[in-house]
Amino acid sequence: MQWHARLGAVLAGSAFLLAACKGAPVELLDAAASPQATAEPAPLAPTTAGGTAAATSTGADGAAVAEPLRSDRGLAPDQPRGEPARESAGKESARDAKDVVGYALQAVLRSGEGAGPPKAPEVSVVAIDSAKRKTEARLAIELSSTRERIVLSGGFVLPQATELRARDDRYGHLLLWPGEGTYRVAEPGALRALLGERRLDVAPLSRAEIISTSEGPRRLNVRTRRVEVSTRAAKATLELATFRDAGDGGVLLCRMLFDLMSATVAPPSPAACTTDEIPLHAELRWTTRGMIAFDVTSIARRTDLPATDLAAPPAGLVFVTTAPPPSMAEPLLQRAELSAFRTGPVDIALPAMRDAQASPPDSGLVLVNSSDELRVAWLDGVAAAWVAPGGRVALSSLPRGRYVLEWRTFLGDAWDPPEPAVVPGTSESAAGRAQFP
């Protein structure tokens, strides 16, 4: 395909930036010098879908250049090879050969605060705050020096336990849909559509520009350095810290953030993300306004990460080229959690019916998406449900009363103004209503 040729050319051009820019690593207090800083990554044999070795291009320095994944081609089962753990004295520690050294992170994605509930005595602030915590978009991340595994949970529009896997010799991600025994390829530039629309459409890519670097604030009690990056889609601020034995695992995480920005520089240039660095915080501000923030809430060094958990792809999974399974809508909260938003029902006078207007439901709130993009319905500042274009879902357990509703995209790059919602009733996100503050 022509676009594959263009993508390869752009990525090859980015290799010059990768080699030319070199940032200074940040010191980590009480941390030994990383043995990965000068070590070459473990050699990998790139393979085709049939399991045969594929040709790998090399850069000017003879190092292997990563290749973009293609949605019409699978990979042979991966067998990541970990490096032995290093003790502070530089000696290798004994461990199971099936385990690898790396880091386990917990992180969240946030697209800002939603409009809060009305001030009324029946509003249960405790229940609403509990629902906010449950519907945070959470990421459980495992990183080795050459592999990355991300498990999604919470308020994503993708199914719980959806996995993304990546490796340092390929650009893009592998998508593992829960319960299927399959994997799909998310090509470079597809993450924005995947996380926001449950699709694998590839967005137009643009070159990333490194704007500035400086010392950043302390995160999780370690020093960071701040890097500002810009593309046509967004401007990003990354805060990175140095961690012993991280290798290129943090670079893979940077690739994920850059993919959301539709950037061609993946991995980003060393000025943006270097070996043994891991991003602890990132803010992506869309050029259409709005933003999404990535925050690591905990990080731990591990010497016992199962190699099979990081395989990309794992043995036994079948490669497929079909689109992810369709779904029209899904509540993000259980019935009991929604009913706890109010301490009791309150009767509200319903507005007068207009000609040809559908009658309101007998109970709860019906959400209808008549727009052309997937939307998340934020109720009283909580992501309560997502609805695909043309879909509808009923939150039947909501007590009668008045609420505040806001329709937004998952990535926070478009939304309707907040408006009062009366229960029982119906709210619709209509085509052409999307607005930006």
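Accessible areas come from the Shrake-Rupley method with a 1.4 Å probe, and for residues only the protein chains shown count as cover. By that method, the accessible surface of the chain comes to about 19600 Å², of which 53% belongs to carbon and sulfur atoms. The model is a predicted one, in which local features need pLDDT of at least 70 and side-chain atom pairs count only at pLDDT 80 or more, while totals for chains, interfaces and linings use all residues. Residues are numbered from 1 along each chain as its sequence is written, and side-chain values use heavy atoms, with hydrogens and water left out.

**The whole chain**

Begin with the entire chain selected. Its secondary structure comes to six helices and 22 strands; helices (H or I, at least four residues) and strands (E, at least two) are DSSP runs, numbered from the N terminus. Of the 437 residues, 51% count as buried. Here buried means under 20% relative accessible area, exposed over 50%, and partly exposed in between (1.4 Å probe, protein chains only). Among contacts with a separation of 6 or more, 68% are made by residues 24 or more positions apart, a contact being heavy atoms within 4.5 Å.

**Stop 1: strand 1**

Select E67, which lies in strand 1 (residues 67–68). E67 is partly exposed, with a relative accessible area of 22%. Now add Y171: E67 and Y171 are 104 residues apart in sequence, yet 5.9 Å apart in space, C-alpha to C-alpha.

**Stop 2: helix 2**

Select helix 2 (residues 125–134), where A127, I128 and A131 are buried. Seen down the axis of helix 2, its buried residues fall within an arc of 100°, so they line one face of the helix; the arc is that of the directions from the helix axis to the C-beta atoms. An α-helix has 3.6 residues a turn, so residues three or four places apart point the same way. On the other side of helix 2, V125, V126 and R133 are exposed. To see what the buried residues of helix 2 pack against, display strand 18 (382–387).

**Stop 3: strands 3, 4 and 5**

Next select residues 137–144, which form strand 3, and residues 147–154, which form strand 4. Two strands pair if DSSP finds at least two bridges between them. Strands 3 and 4 run antiparallel and are joined by seven bridges, with A140 having V151 of strand 4 as its bridge partner. A hairpin of two residues links strand 3 to strand 4. Is strand 4 mostly covered or uncovered? Seven of its eight residues are buried, and strand 4 is thus described as mostly covered. Extend the selection to strand 5 (residues 163–167), which is antiparallel to strand 4 and joined to it by five bridges. R149 has R165 of strand 5 as its bridge partner.

**Stop 4: strands 9, 10 and 11**

Move to strand 9 (residues 209–219) and strand 10 (residues 222–230), which pair in the antiparallel sense over eight bridges. G216 stands opposite T224 in strand 10. The hairpin of strand 9 and strand 10 has two residues between the strands, and in it L220 takes a positive phi near 50°. Continue to strand 11 (residues 234–242), with which strand 10 pairs in the antiparallel sense over six bridges. S230 stands opposite K235 in strand 11, and three residues make the hairpin connection from strand 10 to strand 11.

**Stop 5: helix 4**

Select helix 4 (residues 249–260). Its 12 residues should span 16 Å at 1.5 Å a residue, and its end C-alpha atoms are 18 Å apart, which agrees; the expected span is 1.5 Å times one less than the number of residues. How many residues of helix 4 are buried? The count is 12 of the 12, so helix 4 is largely enclosed by the rest of the structure. Among them are G249, R255, F258 and D259. Just after helix 4, S262 takes a positive phi of about 55°.

**Stop 6: a sheet of three strands**

Finish with the open sheet of three strands, whose order is 19-16-22, with mixed pairing. The edge strands are strand 19 (392–395) and strand 22 (425–430), each of which pairs on one side only. Strand 16 (residues 365–370) and strand 22 pair in the parallel sense over six bridges. To locate this pairing, select V366, whose bridge partner in strand 22 is T426.
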